[in-house]
Amino acid sequence: MPSIKMFNSRRSRNLLSLLMLCIFLSAFITDMSVIMDDTEDAPPIDFHRILGEKKNLRKHGKTRKLVRHRGKKKVAINNKNDASVEPVNDPQSHSSDAVDQTQRAIMLISFGKSAAEGTLLERCILSIRRRGQFQDAIVVITDAPADRYKGEFDDNVFVVKANEDDILYDHFKATGQKYKRFKTLLIDYFNGLVDSEPQLDQIEYLYYMDIDMMMGASFPLLARGLDKIYRTEHGDSTGDKVPKVFMFMDPHSGKFALNSGFIVINRHTSNPCLDSWKKAMDDNPEFQFDQQALNLVVESGGSTCKLIGMDSTGIVTFPASDRRLKRLMKDRRYYPLIHLFNSCFADKMSDKITKRFVAHVLLLSQAEKESGKYGKQIIRAEYSAKWKESN
């Protein structure tokens, strides 16, 4: 009988120990989205400080007065119904008095039925115009029907129909690769557009961004800040004439050094890099991701092309949970670039919180909120599974 009691007691102790271990582990083991959130504690970078410029609190002729509220400084906006005006306490988004002589354009690609039926492209462009304060040329390469974007954008948005010969329908194993290949054709399509829009020939730098990204602060300020940090060190003035392409380092992927969601391209010198990238993609149709081809270009050395990795800390945020979205809205100071995943972590964010966040970033009017136009989000479960498997 005593032996039975000892057995029961021992079993109880083992069960209790196991329970305590489970509780302990549950406090530390989280899903990938939370891990990603915790790596982004760095505040948005202050390019005004890097450039040695003062913040300008005047925009579009609207004067803003500083007021105190519970000991915190805020900016009072005269017209709260004006959707083109940023909310309070957003120092990154104010225009600078400095004159930027570099001519720039932004390039986007939008392919496939899901993209044409959704509004990610409209969302991206609206963020560029409002938060990004960039009113110059935006070029969109798409396979959508000709009337899909007719009358949708202002006159400085140029929608270019993709050449059917450039869409290698049956070449790649992964469906998305045939569309991502267009990242390697950006200069070719831009130069083709110049033939009919000669005023664009003055453009020197092209900035590509994925359409599931949004701008959260001034793009001209971001561009000049990146110029000072990276082109000063790697530009032609250094005597290094090797063609270059600039991308952010990927902070979350264990296999890919570079993230191709945002690319800085010199229209006149970067084509050898894009050609090498295209060849690596075409020669390896089994690749699931364009970053795999980028890895090959990096491994080939730097004699004909250099891929320059930029630090994304304080510049790009990758919100991957409702918790992160709420924190960004509470801080009311957005990163220059917000990569709101359209695929691999979209299922981690609720539709309700995502819509609130998008409306906040885009400065939507009440009518725009009620339309629901900019709140649509497409979850590609198949791509999500492949991404998680690769990492």
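**Reading two sheets**

Modeller: Let's start with an open sheet of 3 strands, ordered S9-S14-S13, in which the pairing is mixed. Keep in mind that this is a predicted model.

Colleague: Thanks! How do strands of a sheet pair?

Modeller: They pair through backbone hydrogen bonds, in either a parallel or an antiparallel way. Here, S13 and strand S14 (residues 337–339) run parallel and are joined by 2 bridges. Within that pair, Thr317 stands opposite Ile338 in S14.

Colleague: Why is one side of strand S9 (213–215) and of strand S13 (316–317) left without a neighbour in the sheet?

Modeller: S9 and S13 stand at the edges and have a single partner strand each, so one side of each lacks a neighbour in the sheet.

Colleague: Which helix packs on this sheet?

Modeller: Helix H12 (residues 351–362) does, touching S9 and S14. The direction of H12 makes about 35° with that of S9.

Colleague: Now the other sheet: how many strands form it, and in what order?

Modeller: That one is an open sheet of 7 strands, with the order S7-S6-S5-S8-S11-S10-S12 and mixed pairing. Its edge strands are S7 (157–161) and S12 (306–310), each pairing on one side only. From one strand to the next, the twist averages 25°.

Colleague: What joins strand S6 (residues 138–142) to S7?

Modeller: There are 5 bridges between them, and the two strands run parallel. In this pair, Val140 stands opposite Val159 in S7.

Colleague: And which strands does helix H10 (residues 290–299) lie across?

Modeller: Helix H10 lies across strand S10 (244–249), strand S11 (258–266) and S12, running at about 60° to S11.

Key. Residues numbered from 1 in each chain as written. Predicted model: local features only at pLDDT ≥ 70, side-chain atom pairs only at ≥ 80, totals over all residues. Heavy atoms only, no water. Pairing = 2+ DSSP bridges. Helix = DSSP H or I, 4+ residues; strand = E, 2+ residues; numbered from the N terminus. Axes fitted to C-alpha atoms, helices over the stretch in contact; angles between N-to-C directions. Contact = heavy atoms within 4.5 Å.
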